[in-house]
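Subject: Structure for you to look at

Hello,

Here is the structure I said I would pass on. My notes on what was found in it follow below.

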Amino acid sequence: MMWRRLAALGVAMAVSAVLVACSGPPEGGRQPRGGAELLRVVGPFELHSLEPSRSDGFFTRLQVAETLVDADGQGVLRPGLATGWRVSGDQRAWTFVLRPDAVFHDGTKVTAEAVAASLKTARDEPGTPWGEAPVAAITADGGEVRVQLERPYAPLPAVLAHASTQVLAPASYLADGKVGKVIGTGPYRVERIEQPSKLEVVAFERWNGEKPNIKRISYQAVGRAETRTLMAESGQAEVTFGIDPVSRQRIQRAAGVEISSVTLPRTILLKANAGHEVLGDLRVRRAISASLDRKAMATALLRDPEMAATQLFPPSLPEWHQDSVPPLAYDPGQARNLLAEAGWAPGTDGILTRDGKRFEISLRTFPDRPELPILATAVQAALKEVGIRVNVQVGNSSEIPAGHQDGTMELGLYARNFALVPDPLVTLRTDYGPQGADWGAMGWSNAELTRTLGALADGTDPAAAAAGREKISGILQSELPVIPVAWYRQSAVVSDRVDGFTLDPLERSWLLDKLRWSS
């Protein structure tokens, strides 16, 4: 039954894509060759704020701003705006040595005082990994920035690779400390911004690293996946992000473009309000998990059976992915038994009831990542099979954090990247701490988990760290404050007009400075 429904949904998606394709591409097309060519990047992401903590990493992805610390595609830390760093014997004082010839885009020299001021301002933004770090003081000393901690905190360099810590020039800030314009230190500088959908950058002449081959880049946010696909096919974009699975199959047959893909440390999650009168019952959360045929969903909808999530952490996070954790499995019989144990019985229309109340809940998601609405529909169908009625609400991505904050969210479907800070521990401490988080647990906490996360942050012993990671994975797998649905593979459509494109598995940068026009 589930296979047939998912297959039908997949066919409907394919028909929709074909109909859109038959309507013809938007106006425009390939631009003429020449020295002033503009690299056109299209994606689903909108820019709603210039603040580093709320700009979704736009300015680090476009390489306008830098962080003190960088990371490679495997999460290994490397120099950024700082050429190196050292820690004191008591693990409480970290010193970061700045690149001596760095210049802000307004022509002013990068000084330790300017960097320290930028980092102090960034700490005022709530809910960021930097704001949550136990920092006692930030000071400048010659060409070095010193961070004094209240207590040892091993992930500090990784936190200073997070986009919220991007370093901006003093002239970026208004009198109230808010960001009025983005003046960074990267290989590209901002030329024009039209929030929320357009952004243009140009190569910075005084960049002291390898000069970008492509000098001008525009980014345009396009909401509909079908429109993005047509723009890629018709030559209206050289790089296109956010292609849905059906369109990806069609593009594989198109001329003049190719698809680049990489598995990310990202998982599509079904967040359950564990403070809810129904979803607070662990038996119910386990029943919801057992109702999901993840392999069928990944095969029929994502066109990639390997993306079926059997645990929270994907294989792309080898230190956290645990072979010892019993995998999440599809078992509708077990789901029905668990729901019966929780007091739910089928009503006349097949929907479960208890004490005269129907089992009816809402599920929020958003279209920024095109696979989310179709997966929400599949979850809706799967839960209906065991007697749970789900009302799917497709809105803005901001509605999930808003629903967390005001307590109105019941279920939320979204994708969570565990390596926005290169050390996943930092994200986990935020998401699954005692208070939960917008993109983490809701109405749920676990004292043992909190202690283990804290011990990992304080300690440096590799054996203890490995045991701690295994314990954390086991608790989250058993308690299911969030229910894993699928792992994530990022794809981009790239025109044959450019060479050298690669995807960053950590999504820190779009690496556009590595591109060159094809000959």
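Thr263 sits in strand S12, which covers residues 257-272. Please keep in mind that this is a predicted model. The relative accessibility of Thr263 is 24%, and because the buried class ends under 20% and the exposed class starts over 50%, Thr263 counts as partly exposed.

What lies 4.3 Å from Thr263, C-alpha to C-alpha, although it is 226 residues apart in sequence? That residue is Arg489. The side chains of Thr263 and Arg489 are also joined by a polar contact of 2.7 Å. If neighbours within four places in sequence are set aside, Thr263 is in contact with Arg489, Tyr488, Pro505, Met307 and Ser316.

The second residue to look at is Asn417, in strand S18, which runs over residues 411-417. Is Asn417 buried or exposed? Its relative accessible area is 2%, and buried means under 20%, so Asn417 is buried.

The side chain of Asn417 has two polar partners to check on screen:

- The side chain of Glu507 makes a polar contact of 2.8 Å with the side chain of Asn417.
- The backbone nitrogen of Ala419 is 2.8 Å from a polar atom of the Asn417 side chain.

Not counting residues up to four places away in sequence, Asn417 touches Glu507 and Leu506, along with Pro265, Arg266 and Thr427. Pro265 and Arg266 fall within the residue range 257-272 of strand S12.

Now the chain as a whole. The protein chain contains 15 helices and 21 strands. Its C-alpha atoms fill a box of roughly 75 × 60 × 40 Å along the principal axes. The radius of gyration is 24 Å, and a compact globule of 519 residues would have a value near 24 Å, so the two agree.

Of the 519 residues in the protein chain, 56% are buried. Taking contacts between residues at least 6 apart in sequence, 70% join residues at least 24 apart. The contact between Thr263 and Arg489, 226 residues apart, is one that spans such a distance.

On the surface, the protein chain exposes about 21100 Å², and carbon and sulfur atoms supply 50% of that area. As for charge, there are 56 positive and 60 negative side chains in the protein chain, and the centres of these two sets lie 2 Å apart.

Regards

Definitions and conventions
Residues are numbered from 1 along each chain as its sequence is written. This is a predicted model: local features need pLDDT of at least 70, side-chain atom pairs count only at pLDDT 80 or more; totals for chains, interfaces and linings use all residues. Side-chain values use heavy atoms; hydrogens and water are left out. Helices (H or I, at least four residues) and strands (E, at least two) are DSSP runs, numbered from the N terminus. Buried means under 20% relative accessible area, exposed over 50%, partly exposed in between (1.4 Å probe, protein chains only). A polar contact is a pair of N or O atoms within 3.5 Å; within protein, one must be able to donate a hydrogen and the other to accept it, and residues adjacent in sequence count only if both atoms are side-chain atoms. Contact means heavy atoms within 4.5 Å. The radius of gyration is taken over C-alpha atoms; the globule rule is 2.2 Å times the number of residues to the power 0.38. Accessible areas come from the Shrake-Rupley method with a 1.4 Å probe; for residues, only the protein chains shown count as cover. Lys and Arg count as positive and Asp and Glu as negative; His and the chain ends are not counted. The place of a charge is taken as NZ of Lys, CZ of Arg, CG of Asp or CD of Glu.
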